[in-house]
Amino acid sequence: MAEEQESSPSHSPSPPRQNSPPPEQPYVEVNCRSSGKIRRFAVGTDAGFAVALINRKLKGAVAVASHIEAVKDGEEPIAFGPTSLLSNFGAGWNLQTVTLTDLLSSEEVRNGRVQQMAMQAPGLVSGVPGPTRRVSKPVSFVYIVKIVFAFILIFVLGAIFTLFLDNLPAFILFVKSII
């Protein structure tokens with residue numbers, strides 16, 4: 001009987017459950033410091049696209065965002081470039097926009113230790129149209145007259161050179177006969 005108990009499947013206690021991390025959200029939240037609103041983007045969105053979209057939704061005379069960075073108290077901020085993919089760095093890390101006024105007010109800029117970087121134009125980010133373009137002035141009468149005058153001038157100069165080249169052999173014979 002003792003052998004039967006050993007050969008039968010034993011009812012061992014199940015391994016203790018480990019605390020699994022909560023499922024990762026399919027989006028990241030970016031705090032817009034200009035407007036104070038929180039914008040949500042899918043994980044893996046280009047940071048340049050997010051900045052362009054945030055700037056497009058800003059209204060009024062608020063400072064536009066230059067880039068996005070992840071911040072945590074006591075840690076060095078992590079800046080996202082225009083082609084970086086937005087991601088969540090875990091507990092305590094928050095994504096926020098950085099405005100040009102934030103950059104200009106920082107102590108590093110005041111001390112001259114930071115070089116200015118070119119900001120990506122919103123129209124260059126695929127999928128986000130830039131600001132509406134101004135309609136150019138219609139073609140004026142003066143513009144058309146200038147174009148016609150330029151064509152006439154080109155034809156007159158061409159005719160002068162053609163006449164000169166046609167009469168060049170006779171001119172050379174005349175000069176030789178004098179000498």
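**Notebook: a pocket, a core and a helix**

I began with the second largest pocket, and I noted that Gln-25, Tyr-27, Val-28, Glu-29, Val-30, Asn-31, Ile-38, Asn-88, Trp-93, Asn-94 and Leu-95 line it. A reminder to myself: this is a predicted model.

**Entry 1: the pocket**

I looked up the volume of the second largest pocket, and it is about 170 Å³. Next I asked which strands each supply at least two residues of its lining. I found strand 1 (27-31) and strand 5 (94-99). Strand 1 gives the largest share of that lining, with five residues. I then sorted the lining by type and got six nonpolar residues, four polar and one charged.

**Entry 2: Asn-31, one of the lining residues**

I picked Asn-31 from the pocket lining and saw that it is found in strand 1. Is Asn-31 buried or partly exposed? Its relative accessibility is 30%, so I wrote it down as partly exposed.

I also checked what Asn-31 touches. Leaving aside neighbours within four places in sequence, Asn-31 is in contact with Gly-36, Lys-37, Ile-38, Leu-95, Gln-96 and Thr-97. I liked the case of Thr-97: 66 residues separate Asn-31 and Thr-97 along the chain, yet their C-alpha atoms are separated by 6.4 Å.

**Entry 3: the whole protein**

I stepped back for an overview. The protein has five helices and five strands, and along the sequence I read the pattern α-β-β-α-β-β-β-α-α-α. How many of the residues count as buried? I found 18% of the 179 residues. I looked at contacts between residues at least 6 apart in sequence as well, and 52% of them join residues at least 24 apart.

**Entry 4: the largest nonpolar core**

A general point I keep in my margin: in soluble globular proteins, nonpolar side chains tend to be buried together.

Here I looked at the largest nonpolar core, which has 17 residues. Which members touch the most other members? They are Val-30, Phe-41, Ile-68, Phe-80, Leu-86 and Leu-95. Strand 1, helix 2 (47-57) and strand 3 (65-71) each supply at least two residues of this core. Helix 2 gives the largest share, five residues.

I followed Ile-68 in particular. Setting aside neighbours within four places in sequence, I listed its contacts as Val-30, Ala-47, Ala-50, Val-51, Ile-78, Ala-79, Phe-80, Leu-86, Leu-95, Gln-96 and Thr-97. Val-30 and Leu-95 were already in my notes, as both line the second largest pocket.

**Entry 5: helix 2**

Why do I call helix 2 largely enclosed by the rest of the structure? Eight of its eleven residues are buried, so the description fits. I wrote out the buried ones: Ala-47, Gly-48, Ala-50, Val-51, Ala-52, Leu-53, Ile-54 and Asn-55. Among them, Ala-47, Ala-50 and Val-51 are in contact with Ile-68.

I then asked what covers these buried residues of helix 2. The cover includes strand 1, strand 2 (38-42), strand 3, strand 4 (78-80) and strand 5.

**Entry 6: two more strand residues**

I chose Thr-99, which lies in strand 5. Thr-99 has a relative accessible area of 3%, so it is buried. Neighbours within four places in sequence aside, Thr-99 is in contact with Ser-34, Ala-63, Val-64, Ala-65 and Ser-66.

I compared notes with Ala-42, which lies in strand 2. At 42% relative accessibility, Ala-42 counts as partly exposed. Leaving aside neighbours within four places in sequence, Ala-42 is in contact with Pro-26, Tyr-27 and Val-28. The C-alpha atoms of Ala-42 and Pro-26 are separated by 6.0 Å, and these two residues are 16 apart along the chain.

**Entry 7: a stretch from the record**

Last, I checked the UniProt record. This unreviewed entry lists residues 141-165 as "transmembrane region". What does the model show over residues 141-165? I found 100% helix and 0% strand there, with the end C-alpha atoms 37 Å apart.

Terms used:
Residues are numbered from 1 along each chain as its sequence is written. This is a predicted model: local features need pLDDT of at least 70, side-chain atom pairs count only at pLDDT 80 or more; totals for chains, interfaces and linings use all residues. Side-chain values use heavy atoms; hydrogens and water are left out. On a 1 Å grid over the protein atoms alone, a cavity is a set of points where a 1.4 Å probe fits but cannot get out, and a pocket is an open set with protein on both sides within 12 Å along at least five of seven lines; lining residues have an atom within 4 Å of a point. Grid points are joined across faces, edges and corners, and a volume is the space filled by probe spheres set on the points. Helices (H or I, at least four residues) and strands (E, at least two) are DSSP runs, numbered from the N terminus. Ala, Val, Leu, Ile, Met, Phe, Trp, Tyr, Cys and Pro count as nonpolar, Asp, Glu, Lys and Arg as charged, and the others, Gly among them, as polar. A nonpolar core is a set of buried Ala, Val, Leu, Ile, Met, Phe, Trp, Tyr and Cys residues joined through side-chain atoms within 4.5 Å. Buried means under 20% relative accessible area, exposed over 50%, partly exposed in between (1.4 Å probe, protein chains only). Contact means heavy atoms within 4.5 Å. UniProt positions are given in the numbering used here, feature names are shortened, and annotations may be inferred rather than shown by experiment.
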